[in-house]
Amino acid sequence: MPAKWTPGSIRGIAFSIATGAGLVTALLGLATYGVVHHEIERQIDHRIEVETHALLEQNRAHGFDALVHTINARDDGVAFDIGYLASIDGDDRSMGYILTDASGRRRAGALRADIPPPGWSEFLHFRKPDGSTGIAQAMNSAVPGGGRLVVAADRAIVDKMDLKILKLFLLNFGLIILVVGAVALGFGRIIQRRLAAIRMSAETIMAEDLSNRMPVETGRGELDRLAMSLNAMLDRISGLVDNLRHMSVGIAHDLRTPINRLRQRLEEAQREADPNMQRLLGAALEESDELLELLTGLLAISEVGGGAVRKRFTAVDLAAAVQEMVTTYQPPLEDRGISLTADYDAASVLGEKRLLQRVVANLLDNLSFHTPAGTQAHISVRPSGDMVDIHLTDNGPGIPAAERRRVFEPLARLDRSRSTPGHGLGLSMVAAIVAAHQGTVEIMDSTQGMTIHIRLPRIAV
Amino acid sequence: MRDRLPVKLLLLEDDASSAAFIERGLRELGHQVTTVDCGEHAIGKITTSSYDVLILDRMVPGIDGVSVLKQARRDHCQTPAILLTAMSGIEDRVVGLEAGADDYLVKPFAFVELIARINALSRRPALGEAGTQLRAGDIEMDLLRRTVRRAGRIVDLQPREFLILEQLLRNADRVVTRTMLLDRVWDLGFDPKTNIVETHISRLRTKLNEGFDRDAIHTVRGSGYMIGGNAG
């Protein structure tokens, strides 16, 4: 796998930008340092050259003694200004001299240093008047007519400049890292917020409603264009899903007519058949009824899922609606050896009573068919904040945790319940109805068996 | 099933096979059936002739069954009407009943179901005739006091059992199907998997029969339940 160089997170991008900016600043600083350092050295060299030239000119015009005199005068501080270097330097003693005659004897110059070899010396050690040592740039030239002239300039100014540049650079570097880092982080924060909004929308769309769309702020800019592309993709997906839904509903719908005719023929045939044949035809009728029931169930789920039912929603006394179902189911459950107890707190929801009762009925059907005799169940209706909870707890065999989401899908049946009646539409009907009521349904563990927890938005009455 | 007076019916059904099936079945029972296959014809028939019961399919070409019914009710036609639908029945029932249907049947249905409903409607007493007492054989029901007696003896019933008995008494000598009870007693609009009707009927029967030899409620195999008005 090739190494991944592009950062994957906003933090990573901010870090990279700050590092990049720091690197560029460092390179610029280094270049500046190099140029300035070189320029100062060149200035010093130039100063030494000019000074040497002037002194040798003095010697040529006025003789060796005049030269001695001039150098002594220079050392005594009667210095003339040598341009900006002197002012940066601020030190009159930045220039030092040594003058020897033809015999090599020192004749003038206060520079306390050994005589350097002829020509340029970059690092000439000397002793300052206060006793400390310094390093000077020096040129040793021959004095026409004998003797050597050494003109030296203190290198302290170079070090001082270097230090100043370093300080300036460090300040700049820190400032740039700080500013670039802050800008990158702030920029990242903005992008992060937008991306988080898109991610949240995506999650909502996946979890709830395929008709939701990503937020688009101005319609311009890359993030809005991304959101718009995602929205276009969602349009396409929901179009396909709608097609699929319409097609399956269409198939279910279209199948009902021929199966209905088949059923009618069977029924007619049964009326005229002999008793033995009647029994066979009766069994065939039951099969066709089963098939029709399955198709009706699929159509009903799709109708509830379509959301048109919401138009008829009114305030429903949920406690009363559940209680009606409980009293309806208690006798048949009792006959199967299953005990169902209940408690209700008053709570109302916006919905359709028959649909809500169908939810309870489907759950109690499941209780009736999928739990053994001796099972104890309890159903409760309880307001909680602005929601109302329905809990149906039983101590039956329960549903394995891995299967709990799947049982709400249409036609999903657990392997062990293949032999019991039903098409596996009961819980998907529950899920569809609960979703149409803007509620949630989940299956949870209970101390023994399981709990089905339905949560619906509550309304004040 | 006991002898019925021939009933004059109008059937609006565009599916020829279904129409023929219903027509044949009703003719066998001695009923008179006029079949039309579109809403316009149905309105024409309703305004020119009189019928005992209208059977209207919701989904027909042109003017649909609900619109035909609304039109008929606007024209002060009080003929009892049954709406047929092939839809999932979640939304339809309410729309149908609001349009003025007296009963509602989701396709596919067993023929006995249709017959039971036609019988219930063709004998339904006109509005206002309903008294506060219902009686069939030795069973009496007081609708105001909510009491039931069999041969003078008080029978203590749960509210739901009372409603079931009320339906049976209102349709004495006629079959009340399981689906009719689900619609009228529970108002469910769907068919629960659990045999709630059978269980509640069984409890009601036990209470009614306590201390009597003769079974108060007849189970009509493959159709439903019935209380005899004249017997006993």
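How many helices and strands are there in chain A? There are nine helices and 12 strands, both taken from DSSP runs numbered from the N terminus (H or I and at least four residues for a helix, E and at least two for a strand).

Before going on, note that this is a predicted model, where local features need pLDDT of at least 70, side-chain atom pairs count only at pLDDT 80 or more, and totals for chains, interfaces and linings use all residues. Residues are numbered from 1 along each chain as its sequence is written, while chains are lettered from A and ligands numbered from 1 in the order in which they are written.

Let's zoom in on strand β1 (residues 95-100) of chain A. Five of its six residues are buried, meaning that 20 or more other C-beta atoms, placed from the backbone, lie within 10 Å of their own. Across the 461 residues of chain A, 26% count as buried.

β1(A) has these partners, where pairing takes at least two DSSP bridges:

| Partner of β1(A) | Sense | Bridges | Facing residues |
|---|---|---|---|
| β5(A), residues 148-154 | antiparallel | six bridges | Gly96(A) and Ala152(A) |
| β2(A), residues 106-108 | antiparallel | two bridges | Leu99(A) and Ala108(A) |

With β2(A), β1(A) makes a hairpin that has five residues in between. In its turn sits Gly104(A), with a positive phi of about 90°.

Now for the neighbour: 33 residues of chain A are in contact with 27 residues of chain B (C-beta atoms, placed from the backbone, within 7 Å). On chain A's side, α5 (222-272), α6 (275-306), α7 (318-335) and α8 (353-370) each supply at least two residues.

Conventions. Contact = placed C-beta atoms within 7 Å. Buried ≥ 20, exposed ≤ 12 C-beta atoms within 10 Å, placed from the backbone.
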